[in-house]
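Dear colleague,

Please find below the structure that I am handing over to you, followed by an account of what was found in it. I should be grateful if you would read the two side by side.

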Amino acid sequence: MNRRALILSVLAFGVAGFGGTTWFATRPGPVAEAEPVAPELADAMIRPYSPILGPAEAPVTIVEFFDPACEACRAFHPIVKDIMAEHGDAVRVVIRYTPFHGAASEEAIRVLEAARMQDVYVPVLEAVLREQPRWASHGAPAPGLILQIAATAGLDAEAARTQMLAPDVVAILNQDRADVETVGIRQTPTFFVNGKPLDPFGEAELRRLVAAEVAAAQS
């Protein structure tokens, strides 16, 4: 997240200033054509268990290496949703967990996986990100605070306490950590669109890269 500090501060200002609307960062000129990741990294980009937002068969896939405690991930979340809404069934988002903020990140990921078992993943994700300043590792959240927040979005907190410790959840955390190392992720969020890394990083660049891939898929 360090190299995104300036972007984050601008995004935060934009979100605060415009409320529910999406803030557009503009930069003249096209995004340079990015090369897809090496074939040997392809398996580490997406796993069969990875959470998917949007149509499972969409031709354009945004892979987001995501930490629920990351301020920049929180700032980019409404942008990603707006991109999905703009392109409809053409775009899906695959979430890869990147718990760079320690215990609080891991607890939030476990809560999200419990929410997925209970079919309330999206509303719990929204609640966890909305209330991130209360629980993220930058402070000292009270024990169980993330569960309380998730419960307001429909999570059965009592059942979740057991689900969070399930072997499948442990396996997901371990595999995602391994894949983060394999792909070489060092900061969050990190985006790939149909295997192409977002570089340079920015909202306008993400929008252009997605639009180009959608156009190519529809041509």
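I begin with strand β3, from which Val-91, Val-93, Ile-95 and Tyr-97 point one way, while Arg-92, Val-94 and Arg-96 point the other way; all of them are buried. This agrees with the general pattern, in which the side chains of a regular strand alternate between the two faces of the sheet. Strand β3 covers residues 91-97, and seven of its seven residues are buried, which leaves the strand mostly covered. Please note that the model is a predicted one.

Overall picture and confidence

The protein has 219 residues, of which 49% count as buried. Its secondary structure comes to 10 helices and five strands. Among the contacts with a separation of 6 or more, 81% are between residues 24 or more positions apart.

The mean pLDDT of the protein is 86, and 82% of the residues reach 70 or more. Over residues 5-32, however, the pLDDT is below 50, although this stretch has 34 contacts in the model beyond near neighbours in sequence. Where pLDDT is low, the predicted coordinates should not be read in detail.

The sheet

The five strands form an open sheet in the order β1-β3-β2-β4-β5, with mixed pairing. Strands β1 and β5 (196-197) are the edge strands, each pairing on one side only.

On one side of β3 is strand β1 (residues 52-53), and the two pair in the antiparallel sense over two bridges. Here Ile-52 has Val-94 of β3 as its bridge partner. Strand β2 (residues 60-66) runs parallel to β3 and is joined to it by seven bridges. Along this pairing, Ile-62 stands opposite Val-93, and Glu-64 stands opposite Ile-95. In passing from β2 to β3 the chain goes through helix α3 (residues 71-87), and this β-α-β crossover is right-handed.

Strand β2 also pairs with strand β4 (residues 190-193), in the antiparallel sense and over four bridges. Val-63 has Phe-192 of β4 as its bridge partner. Strands β4 and β5 in turn pair in the antiparallel sense over two bridges, with Val-193 opposite Lys-196 of β5.

Like β3, strand β2 is well covered: seven of its seven residues are buried, so the strand is largely enclosed by the rest of the structure. Val-60, Ile-62, Glu-64 and Phe-66 point one way from β2, whereas Thr-61, Val-63 and Phe-65 point the other way, and all are buried.

Two charged residues

Arg-92 belongs to strand β3. With a relative accessible area of 15%, Arg-92 counts as buried because the cut-off is under 20%. Leaving aside neighbours within four places in sequence, the contacts of Arg-92 are Ile-46, Ile-52, Leu-53, Gly-54, Pro-55, Ala-56, Ala-58, Val-60, Thr-61 and Ile-62. Arg-92 and Lys-81 are separated by 11 residues in sequence and by 9.9 Å in space, C-alpha to C-alpha.

Glu-113 is found in helix α4 (residues 103-117). The relative accessible area of Glu-113 is 4%, which means that this residue is buried. Apart from residues up to four places away in sequence, Glu-113 touches Pro-51, Tyr-97, Tyr-121, Val-169 and Ile-172. One of these, Tyr-97, is among the residues of β3 listed at the outset.

The cavity

How many cavities of 30 Å³ or more are there? The count comes to one, and the largest cavity holds about 50 Å³ of space. Its lining consists of Leu-53, Glu-64, Phe-66, Cys-73, His-77, Val-80, Val-93, Ile-95, Leu-125 and Leu-129.

Which element gives the most to this lining? Helix α3 does, with three residues. At least two lining residues come from each of β2, α3, β3 and α5 (121-130). The lining thus includes Glu-64 and Ile-95, which stand opposite each other in the pairing of β2 with β3.

In closing, I would draw your attention to the pair of strands β2 and β3, which run parallel and each supply at least two residues to the lining of the largest cavity. I would also ask you to bear in mind residues 5-32, where the pLDDT is below 50.

With kind regards

Note on methods: Residues numbered from 1 in each chain as written. Predicted model: local features only at pLDDT ≥ 70, side-chain atom pairs only at ≥ 80, totals over all residues. Heavy atoms only, no water. Buried < 20%, exposed > 50% of the residue type's maximum accessible area, 1.4 Å probe, protein only. Contact = heavy atoms within 4.5 Å. pLDDT = per-residue confidence, 0-100. Pairing = 2+ DSSP bridges. Right-handed = clockwise from strand over helix to strand, strands pointing away. 1 Å grid on protein atoms, 1.4 Å probe; cavity = no way out; pocket = protein on both sides within 12 Å on 5 of 7 lines; lining within 4 Å. Points joined across faces, edges and corners; volume = space filled by probe spheres on them.
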